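Let's take a walk through a protein together. Have a look at the structure below, and then we'll go through it piece by piece.

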Amino acid sequence: MRRPLIGITAYLEAARWGAWVREAVLSPHAYARAVEKAAGAPVVLPPMSPYAAADYVRGLDGLILAGGAPVDPALYGEARDPRAEEPQAHRDRFEMALAEAAIKGNLPFLAVSRGMHLVNVVQGGTLIPWLPESVAHDRHATPRHAVSVSVSSALGKAIGDHAEVTGPHQQALRRLGTGLLAVAWGEDQIVEGIELQGHRFGVGVQWHPERDADNRLIEALVDASRP
């Protein structure tokens with residue numbers, strides 16, 4: 001049986017190898033390793049022209065919208081907080097088009113951290129540009145934290161009603177976008193997981209499941225992506 005082809009979005013950064021310093025397409029190996037472990041075939045997607053997004057979606061069985069720099073607050077009507085990392089316009093343009101095409105084409109997707117924020121913005125939602133100030137604590141900046149999950153959701157069916165997850169973050173969802181349902185929460189009720197209602201598999205999480213030994217969420221994506 002053919003392994004589902006899972007696209008993984010990537011960084012475009014300056015990198016050094018040998019005597020060369022060039023722009024390079026970079027993806028943390030943990031994503032590809034987790035997809036392969038789940039019996040999928042990982043493919044890294046360079047951040048190219050938004051016009052190629054629909055072609056990518058037609059050729060893939062599933063998609064991971066990976067983590068990275070914050071989504072540009074101008075895209076949801078906010079000012080950038082000077083404490084936040086600079087946004088990357090080239091990734092925003094490409095990945096928003098990719099997310100829109102995946103939603104329109106009913107392509108199974110898992111949106112990780114920045115990816116979840118991106119999906120929310122694509123659906124007309126907004127973000128909190130600097131979370132520590134909004135919640136008046138820094139627990140979301142810790143490497144590990146607890147989340148509660150709706151057991152009736154696709155996320156809950158994959159990982160259960162509670163999890164210790166990996167993923168410090170300084171941004172979070174404020175207003176949910178159209179068609180999105182909150183399905184996981186931190187102890188302070190900050191949304192940590194979402195699902196796109198009526199989609200074949202449209203899940204977003206605030207944390208990084210590819211970094212954990214528990215691979216069930218990646219497995220659920222790959223299973224949903226089988227032709």
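**A guided tour**

Let's start with one residue, Q88: its relative accessible area is 13%, and because buried means under 20%, Q88 counts as buried. Keep in mind that what you're looking at is a predicted model. Where do you find Q88 along the chain? Q88 sits in the loop between β5 and α3, the helix of residues 89-104. And what does Q88 touch, once we skip its neighbours within four places in sequence? Q88 is in contact with Y11, E13, A69 and P70.

Strand β5 takes us to the sheet. This is an open sheet of 9 strands with mixed pairing, and if you read across it you get the order β4-β1-β5-β6-β13-β12-β11-β8-β9. At the edges stand β4 (41-45) and β9 (162-166); each has a single partner strand, so one side of each is left without a neighbour in the sheet. On average, neighbouring strands here are turned by 25° against each other, if you ignore direction.

Now zoom in on one pair. Strand β1 (residues 5-9) and strand β5 (residues 62-65) run parallel, and 3 bridges join them. Try finding I6: its bridge partner in β5 is G62. There's a helix to spot here too. Helix α4 (residues 114-122) packs on the sheet, where it touches β5, β6 (109-112), β11 (180-185), β12 (191-196) and β13 (202-205). The direction of α4 makes about 110° with that of β6.

Follow the chain on from α4 and you come to G124, which is in the loop between α4 and β7 (127-128). Is G124 buried or exposed, or something in between? Its relative accessibility is 42%, and since partly exposed covers what lies between 20% and 50%, G124 counts as partly exposed. Setting aside its neighbours within four places in sequence, G124 is in contact with R175 and G177. You can also check G124 against L75: they are 49 residues apart along the chain, and their C-alpha atoms are separated by 9.5 Å.

Last stop: the empty space. Rolling a probe the size of a water molecule over the atoms shows where such space is left. What is the volume of the largest pocket? The largest pocket comes out at about 370 Å³. Its lining is made up of 22 residues, and the ones that lie nearest its centre are G68, E85, S113, P168 and H208. Sorted by class, the lining of the largest pocket has 8 nonpolar, 9 polar and 5 charged residues.

Notes
Residues numbered from 1 in each chain as written. Predicted model: local features only at pLDDT ≥ 70, side-chain atom pairs only at ≥ 80, totals over all residues. Heavy atoms only, no water. Pairing = 2+ DSSP bridges. Helix = DSSP H or I, 4+ residues; strand = E, 2+ residues; numbered from the N terminus. Axes fitted to C-alpha atoms, helices over the stretch in contact; angles between N-to-C directions. Contact = heavy atoms within 4.5 Å. Buried < 20%, exposed > 50% of the residue type's maximum accessible area, 1.4 Å probe, protein only. 1 Å grid on protein atoms, 1.4 Å probe; cavity = no way out; pocket = protein on both sides within 12 Å on 5 of 7 lines; lining within 4 Å. Points joined across faces, edges and corners; volume = space filled by probe spheres on them. Nonpolar A, V, L, I, M, F, W, Y, C, P; charged D, E, K, R; others polar.
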